[in-house]
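Q: Could you walk me through how this one is packed inside?

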Amino acid sequence: MKLPVIKHLTNFIEANDEDYIVETIETLEDLTEVSSLKDEELDVIGELISNMYGALEVSKAVREGKPKKEALNEFMQRVVGAIDS
C-alpha cells in the first residue's frame, strides 16, 4: 500500500463520492477473472484494489470525526503492524 495514493484517493472521495471508488473496486475485482492476465498485471490490480479499500477506511474514520492526518497514520500503522506480525 502506498500512503500518497491512499491520501490522494481520500481527497477524491471528499471531493466527489465514495461510490466512484466502490464501483471501481468492483470493476477491478471483476477484471481479475480474465484468464489471460499475467501475474504482474494481477499484482498491479491487487495493489490498486488494496489502496482503494485503504482510502475507504481512512475516509470512514474522517467522517467519524478523526482528523485526516491521524486517520492516515493510524491506518498505515495497522498495515505495518499486520505485515510485521
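**Core and helices**

A: In this predicted model, the largest nonpolar core (buried Ala, Val, Leu, Ile, Met, Phe, Trp, Tyr and Cys residues joined through side-chain atoms within 4.5 Å) has 18 residues, and those with the most contacts inside it are Ile6, Ile21, Ile25, Met52, Val58 and Phe75. Buried here means under 20% relative accessible area and exposed over 50%, with a 1.4 Å probe and protein chains only.

Q: Which helices supply at least two residues of this core?
A: H1 (3–15), H2 (18–31), H3 (39–63) and H4 (68–84) each do, helices being DSSP runs of H or I with at least four residues, numbered from the N terminus. The largest share, 7 residues, comes from H3.

Q: And what does Phe75 touch?
A: Leaving aside residues up to four places away in sequence, Phe75 touches Met1, Ile6, Gly54, Glu57 and Val58, where contact means heavy atoms within 4.5 Å.

Q: Switching to H1, which residues are buried?
A: The buried residues of H1 are Ile6, Leu9, Thr10 and Ile13. Seen down the helix axis, they fall within an arc of 105° (taken from the directions from the axis to the C-beta atoms), so they line one face of H1.

Q: What's exposed on the face turned away?
A: That face of H1 carries the exposed residues Pro4, His8 and Ala15.

Q: Is Ser59 buried or exposed?
A: Ser59, in helix H3, counts as buried because its relative accessibility is 5%.

Q: How should I read the numbering and cut-offs?
A: Residues are numbered from 1 along each chain as its sequence is written. Local features need pLDDT of at least 70 and side-chain atom pairs count only at pLDDT 80 or more, while totals for chains, interfaces and linings use all residues, and side-chain values use heavy atoms, with hydrogens and water left out.
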